[in-house]
Amino acid sequence: MSLLRAKIQDAFNEPACEENRGKDAKARKKGCSKPLTPGAAAGGCAFDGAKIVLQPITDVAHLIHAPLACEGNSWDNRGAASSGPTLWRTSFTTDLTELDVVMGQGERKLFKAIREIKEAYGPPAIFVYPTCVTALIGDDIEAVCKRAAEKFGLRVVPVNAPGFVGSKNLGNKLAGEALLEHVIGTVEPDDAGPYDINILGEFNLSGEFWLVKPLLDRLGIRVRACIPGDARYFDIACAHRARAAMMVCSTALINLARKMEQRWDIPFFEGSFYGITDTSEALRQISQLLVKKGADPEILGRTEALIAEEEAIAWKKLAAYRPRLEGKRVLLNTGGVKSWSVVHALMEIGIEIVGTSVKKSTVEDKERIKQILKDDNHMFEQMAPRELYAMLSEHKADIMLSGGRTQFIALKAKTPWLDINQERQHPYAGYDGMVELVRQIDLAIHNPIWRQVREPAPWDCQPAVREELPSTKSETATVQALKKFAGTMADDFGEC
């Protein structure tokens with residue numbers, strides 16, 4: 001536990017975080033991200049955060065050392081996609097029972113589970129996750145993993161991020177620490193080149209990374225490792241030989257990017273593949289970093305040619321939607337990189353942003369939003385469901401873009417809603433992704449169902465019917481009133 005405390009303190013004292021650098025020594029210890037109240041479940045726990053970062057590594061077996069419910073609540077909670085292996089979608093757990101806890105059988109059961117996975121599936125590695133129960137009873141996960149690795153000739157990686165140590169964001173960072181300590185740099189590639197890059201914090205939700213990779217392929221840029229989206233274990237193990245890196249979600253893996261720069265001299269920048277302008281700028285910065293690291297400067301010219309070609313195609317496709325969407329008002333209830341990247345993307349086609357959440361955004365994210373919107377009043381740290389409902393029911397926004405947890409607020413307010421978080425079914429990254437996002441917004445706003453549900457009910461626009469309903473509660477009077485009401489609706493329904 002002392003080693004875990006040191007890792008947690010190191011994660012909170014993040015030098016790459018601009019907000020943290022501005023604090024004094026005492027305040028810095030409190031960390032960049034505000035931890036949840038002990039016992040609170042909102043926002044996810046550290047175990048959940050670690051699983052989110054590592055589970056998209058597709059050829060690895062992810063073993064949860066815990067009672068069954070821990071794995072049941074966290075399995076496949078992201079819509080990440082794989083272009084090959086499917087082992088990551090197989091659920092593995094030691095399924096500890098009360099008897100195992102009382103009799104101290106946890107470590108023995110874990111060792112046996114590792115052996116069974118190795119024999120049945122033969123994965124390149126097994127990631128082992130302790131949770132609150134196994135951490136509290138003192139199971140030595142790291143010792144078991146070390147012994148199993150020696151015994152079975154298999155890479156067994158302990159991911160020490162039990163839920164009670166902090167928030168989901170802290171779990172993201174602890175997962176990055178596990179990769180640094182046990183995976184990255186453990187394999188030397190024999191094909192390292194001057195155009196190798198890493199993409200960090202990209203989860204390949206709904207296959208979004210597959211819309212970006214072809215652009216890089218056309219430039220001759222090879223993605224050595226995309227961490228974690230559609231990743232392979234050995235790709236991540238060789239990631240230390242990349243020449244540059246792009247950080248997509250800094251709140252999750254900023255510690256990973258900083259330490260890889262310190263250890264292996266891999267410069268990084270924070271960018272976004274959401275929106276036409278941001279996608280183009282990301283491609284430019286990748287090429288510029290590679291040139292600084294020794295790549296041929298001719299790649300800069302090829303990048304500009306590719307950008308001009310793809311932008312022309314995308315703007316031509318978007319032209320059809322501009323007349324239908326220009327001036328429409330959007331409320332964004334999301335966070336992180338999407339809090340500013342999607343804002344910029346939508347404003348490019350004339351959509352007005354009435355508000356965007358910055359709950360999970362870094363200081364840099366907030367500064368970008370200020371520069372884009374020119375008004376702090378459109379930023380909100382957290383908006384209660386009651387306030388969201390009031391804003392939507394008063395028609396201050398034409399559509400809300402958010403995660404699944406707030407969709408029912410929009411539906412209750414009879415307002416169009418589009419999923420933009422991890423549960424979404426459509427990829428929105430890159431040039432083609434931007435066209436798809438605008439298309440989905442257009443479909444949602446102009447769906448005829450909203451006009452129908454907003455119309456008053458027939459009895460709300462016929463006061464005479466309501467006045468004639470008798471106050472008596474007798475069965476005969478009620479039946480007569482219903483018959484009369486039905487006849488009135490049949491005669492006057494068209495007047496409403």
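## Helices and loops in a predicted model

Helix α10 (residues 168-182) has 15 residues, and the distance from its first C-alpha to its last is 21 Å, close to the 21 Å expected at 1.5 Å a residue, where the expected span is 1.5 Å times one less than the number of residues. Because 13 of its 15 residues are buried, α10 is largely enclosed by the rest of the structure; buried means under 20% relative accessible area, exposed means over 50%, and partly exposed lies in between (1.4 Å probe, protein chains only). Helices (H or I, at least four residues) and strands (E, at least two) are DSSP runs, numbered from the N terminus.

This is a predicted model, in which local features need pLDDT of at least 70 and side-chain atom pairs count only at pLDDT 80 or more, while totals for chains, interfaces and linings use all residues. Residues are numbered from 1 along each chain as its sequence is written, and side-chain values use heavy atoms, with hydrogens and water left out. The mean pLDDT (the predictor's confidence in each residue, from 0 to 100) of the protein is 84, and 78% of its residues reach 70 or more. Confidence is lowest in helix α2 (residues 18-21), at a mean of 50, and highest in helix α12 (residues 233-237), at 97.

The axes of helix α15 (residues 298-318) and helix α21 (residues 430-445) come within 9 Å and cross at roughly 10°; axes are lines fitted to C-alpha atoms, for helices over the stretch in contact, and angles run from 0 to 180 degrees between N-to-C directions. That crossing makes α15 roughly parallel to α21, a term for angles under 35 degrees. Among the residues of α15 that meet α21 are Ile 307 and Leu 318, and among their counterparts in α21 are Met 434 and Val 438.

Also in α21 is Glu 436, which is buried, with a relative accessible area of 19%. Leaving aside neighbours within four places in sequence, Glu 436 is in contact (heavy atoms within 4.5 Å) with His 426, Pro 427 and Tyr 428.

Two loop residues other than glycine have a positive phi, as the table shows.

| Residue | Phi | Loop | Relative accessibility |
|---|---|---|---|
| Asp 95 | near 50° | between β2 (92-93) and α6 | 33%, partly exposed |
| Asp 265 | about 55° | between α13 (250-264) and β8 (268-270) | 49%, partly exposed |

Finally, a cis peptide bond, with omega about 5°, joins Ile 227 to Pro 228, and Pro 228 lies in strand β6 (residues 222-228).

Definitions and conventions. Angles under 35 degrees count as roughly parallel, over 145 as roughly antiparallel, 65 to 115 as roughly perpendicular and the rest as oblique.
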